[in-house]
Amino acid sequence: MLLEPGQYFHPWDHEKTPKKKGGKVFIAVTFRGEVECHEGWLSHKQARRAREGGEQEETAAKPPRPELTGPMQNYVDLHRHAAVRAAILDHPAVALRLVVAHAITGSGLWQVRREPQRAVNETVTASLAGCKAEAAFGKKRREVLALVGSPDEDGVVAGSNGDAFAIAGVFARLLALCDDDVMRVLTLVMAETLAAGSAVIEALGNHLNVDMGAWWEADDAFFDLLRDKEIANSMLADVGGKLVADGNVAEKVKTQKKIIRDFLAGENGRLRVETWLPRWMKFPAESYTSRGGFRTADQWTHVQPLFVRE
């Protein structure tokens, strides 16, 4: 049985009935053309008559006719849409709040995803969880969650899979906020949806003159992942000077890493080196060799002309 466009199938008005006992197929079609089939159902009246031995193939009662036909509903929708989107052009502050609401909630037309920060192993996961930048970000995120009225203070802000009613709820909340608070929410949403390992990170980090030394220092995970003898020797030259590096060039990578750590900690007679950054971690990033294979430096090379003028 084909229902009128836009009419919902309500299971509570029907009883599940096998096809061999007269169960019918109800087909519901949305105004967008989406089709749902509900197989093996009878109205309560039909099911009762079937149990009493009545005619199983009795025609179902005609459903009430909706106020608008499908084409009329489409007509009303499109004209109202045209008027509203023309009107919003004169209200950029409202549009800003609506943009933020869409980015937070998502819709049938908006798909915004958070950066998942997937680590390749537990070592990297633990290192990221303990870094200063993540702690600072978490604090700001909890403040924004409070602004948008989220009950989950340890949740995330952007990239939900909501519907129009969810968007309207967030939109209403944002309308009650001042411009400065809305910009705080928008900034957090943008930060949550920045793609790790992308050229955008290189462009933004250099534009903002991000000082990695204020956020990062070499930890156990960094040294565990450092396994290249040539590069370890170059890093040793960074912290201990060329003479020390040349004197240990034949040593195993493990030994050279230990000397680097001695310099960073000021142990075993080594003069302590403050706020050391390997070339990989600087903005702009630099390579230690000419071998290639350092995606971060390659990305900066591609976007540098857009941001650095001769």
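The following exchange between a colleague and a modeller concerns a predicted model, and goes through some of its helices, rings and backbone details.

Colleague: Is Leu145 buried or exposed, and what is its relative accessible area?

Modeller: Leu145 has its place in helix H5, which covers residues 132-147. Residues under 20% relative accessible area count as buried, and Leu145 is therefore classed as buried, with a relative accessible area of 1%.

Colleague: Which residues is Leu145 in contact with, leaving aside its neighbours within four places in sequence, and how far is its C-alpha atom from that of Val185?

Modeller: Once those sequence neighbours are set aside, Leu145 is in contact with Ser150, Asp152, Glu153, Asp154, Gly155, Val156 and Val157. As for Val185, it stands 40 residues apart from Leu145 along the chain, and the separation of the two C-alpha atoms is 8.4 Å.

Colleague: How do the axes of helix H3 and helix H7 cross, and what classes of residue make up the contact?

Modeller: The axes of H3 (residues 92-105) and H7 (residues 179-192) come within 10 Å and cross at roughly 35 degrees, and the crossing is left-handed. H3 contributes Leu96, Arg97, Val100, Ala103 and Ile104 to the contact, while H7 contributes Asp179, Val182, Met183, Val185, Leu186 and Val189. Sorted by class, the contact of H3 with H7 has nine nonpolar, no polar and two charged residues.

Colleague: Glu192 carries a charged side chain by class; is Glu192 buried or exposed, and which residues does it touch?

Modeller: Glu192 has its place in helix H7. Its relative accessibility is 5%, and the limit for buried is under 20%, so Glu192 counts as buried. Not counting residues up to four places away in sequence, Glu192 touches Arg114, Glu115, Phe137, Arg141, Val156, Val157 and Ala158.

Colleague: Why are H8 and H13 described as oblique to each other, and which residues make the contact?

Modeller: The axes of helix H8 (residues 199-207) and H13 come within 8 Å and cross at roughly 55 degrees, and the crossing is right-handed. Angles of 65 to 115 degrees count as roughly perpendicular and those under 35 as roughly parallel, so H8 and H13, falling in neither group, are oblique to each other. By class, their contact has five nonpolar, three polar and one charged residues. The residues that make it are Ala199, Glu202, Ala203 and Asn206 of H8, together with Thr296, Gln299, Trp300, Val303 and Phe307 of H13.

Colleague: How many aromatic pairs does the structure hold, and what geometry does the pair of Phe222 and Trp280 have?

Modeller: The structure holds six aromatic pairs. Phe222 and Trp280 form one that links distant parts of the chain, since Phe222 is in helix H9 (residues 220-225) and Trp280 is in the loop between helix H12 (253-265) and helix H13 (295-307), 58 residues apart. Phe222 is buried, with a relative accessible area of 12%, whereas Trp280 is partly exposed at 27%. With 6.5 Å centre to centre and 65 degrees between the planes, the geometry of this pair is edge-to-face.

Colleague: What is the geometry of the pair formed by Trp280 and Tyr288, and which residues are linked into a cluster by ring pairs?

Modeller: Trp280 and Tyr288 form an edge-to-face pair, with 5.8 Å centre to centre and 85 degrees between the planes. Tyr288 counts as buried, at 10% relative accessibility. Ring pairs link into a cluster the residues Trp216, Phe222, Phe223, Trp276, Trp280, Tyr288 and Phe294.

Colleague: Which two residues are joined by a cis peptide bond?

Modeller: Most peptide bonds are trans. Here omega is about -5 degrees at a bond leading into Pro284, a residue placed in the loop between H12 and H13. The two residues joined by this cis bond are Phe283 and Pro284.

Colleague: What are the phi values of Gln117 and Thr275?

Modeller: Most residues other than glycine have a negative phi. Gln117 lies in the loop between H3 and helix H4 (122-129) and is partly exposed, with a relative accessible area of 40%, while Thr275 lies in the loop between H12 and H13 and is exposed, at 66%. Phi is positive in both cases, near 50 degrees for Gln117 and near 45 degrees for Thr275.

Technical notes: Residues numbered from 1 in each chain as written. Predicted model: local features only at pLDDT ≥ 70, side-chain atom pairs only at ≥ 80, totals over all residues. Heavy atoms only, no water. Helix = DSSP H or I, 4+ residues; strand = E, 2+ residues; numbered from the N terminus. Buried < 20%, exposed > 50% of the residue type's maximum accessible area, 1.4 Å probe, protein only. Contact = heavy atoms within 4.5 Å. Axes fitted to C-alpha atoms, helices over the stretch in contact; angles between N-to-C directions. Left-handed = near helix turned anticlockwise from the far one by under 90°. Nonpolar A, V, L, I, M, F, W, Y, C, P; charged D, E, K, R; others polar. Phe/Tyr/Trp six-rings, centres within 6.5 Å; stacked < 30°, edge-to-face > 60°. Parallel < 35°, antiparallel > 145°, perpendicular 65-115°, else oblique.
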